[in-house]
Amino acid sequence: MNPSRRNFFWSSLTGFGSALIGRAAVAQDTQPAPAASRASDGYVPVRTPNGVTLPYEMKDGVKEFHLIAEEIEHEFAPGTKAKCWGYNGRTPGPTIEAIEGDRVRILVTNKLKEHTTIHWHGILLPSGMDGVGGLNQPHIQPGETYAYEFTLRQHGTHMYHPHADEMVQLGVGMMGMFIIHPRQPEAKLVDRDYCILMHNWALHPGTYRPDPSVMQDFDLWTFNSKVFPATEHLVAKTGERIRIRFGNLSMWNHPIHLHGHRFLITGSDGGRWPEAQWRSEVTEIVGVGQTRDIEFTGIAGDWAMHCHMSHHTMNAMGHDLPNTLGVDQSEIGMKVAKLLPGYMSMGENGMAEHQDHTMHMGGPKNTLPMMMGQGPFGNLEMGGMFTVVKIRDDLATGDYNDPGWYKNPEGTVAYKVSGPGGTPAPSPMVDHSQHNRH
Ligand SMILES: [Cu+2]
């Protein structure tokens, strides 16, 4: 970014500069794919995978946003829909994005059948704007619109959610992210800026509404309310500096693990940390109610990024299965299947076979298979909080389109040496176009 140009935007919080930023935000909402360039925006707009950024209007120097709390139909992945609650037709609600020093007004219209409020999680503001129903304000009744208005006195990765009937309203999807860019240029600039809000859901097999009373035994673990393989892949160019901002409004802590890179933890809802506090990690726990920013330089490849709680990368499953590992069940399995069509136990040798079984065995209605996803080499056997970070040499700046699977350079794929399958096969992903040039 060009700091002098950016200073121009900061010095003109009303007027021309801000109007430009406002248009970019609207454009990003209607076409979520490309982020505008730094030069025209003053910052790299945050991209919310599977989501959108909330547009705003400049009104007398105030950025005015509008959130509508309402019931929605949400698809976690093709095959599972549910009646959830969210904002502006989606869960999570649109990402609010602004700059330190901005004055913001957020109108909140309640189209639910019970009262609600919004709490601006981690944001420094007057007590009466903090959104705890009964403590800081009267509840927003059905049909009412309230205005929250405050000046942003900080930067960082923040969240918003109701502070009214919290267990229910959060449990069925009401939440969003609130990103505040710093007023001064960051010492180390990023080229791509992603945000992912994590949640958990108890959508019992065969049902259509998430059960908000569940405390621990959740069925669906989501990045921006999607489960793999419906989670959007994160795309970047080799050598770019990438930031991913994680927020956690679920009921578990999530150790987020990125393959192929060492990343730095550079910030949180406390803003961007002083560089001396940055830590080098490959896994970082994002606790309940916390946010964490990670930054790294992209290395070419297809890299898994997922929660390391292994049940959190599975979709709906029963957790009270008898442990049949090492037990030959062929005879008993046939007997049970006669009584219970579609019966599937944990396998004798493991559960990997389940992804293939789901091709021919019907599960309960509106329920995803436990393991899903196809890669270039076969079944991924994943679900839930899993996605792929795709980093490519030949990507244009600001191009967020899915580049397809990585073409591994020759000699860089694990290969079979021996086994019952006969002659070792050559790597299926050799890039012959590259090979021919050598
Ligand atoms: Cu997790």
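Trainee: Hi! How many helices and strands are there in the chain?
Mentor: The chain has seven helices and 23 strands. Both are DSSP runs numbered from the N terminus, with at least four residues for a helix (H or I) and at least two for a strand (E). This is a predicted model, where local features need pLDDT of at least 70, side-chain atom pairs count only at pLDDT 80 or more, and totals for chains, interfaces and linings use all residues. Residues are numbered from 1 along each chain as its sequence is written.

Trainee: Cool. In what order do the five strands of the open sheet come?
Mentor: The order is β12-β23-β20-β14-β18, with mixed pairing. Two strands pair if DSSP finds at least two bridges between them.

Trainee: And which strands stand at the edges?
Mentor: Those are β12 (234-237) and β18 (283-286); each has a single partner strand, so one side of each lacks a neighbour in the sheet.

Trainee: In what sense do β20 and β23 pair?
Mentor: Antiparallel, over six bridges, between residues 301-307 of β20 and 386-392 of β23. One bridge joins His306 to Phe386 in β23.

Trainee: New topic: which residues touch the most other members of the largest nonpolar core?
Mentor: Phe178, Ile196, Leu220 and Val227, out of 79 residues. Such a core is a set of buried Ala, Val, Leu, Ile, Met, Phe, Trp, Tyr and Cys residues joined through C-beta atoms within 7 Å. Buried means 20 or more other C-beta atoms within 10 Å of the residue's own, with C-beta atoms placed from the backbone.

Trainee: Which strand gives the most to this core?
Mentor: Strand β10 (residues 192-201), with six residues.

Key:
A residue is buried if 20 or more other C-beta atoms lie within 10 Å of its own, exposed if 12 or fewer, and partly exposed in between; C-beta atoms are placed from the backbone.
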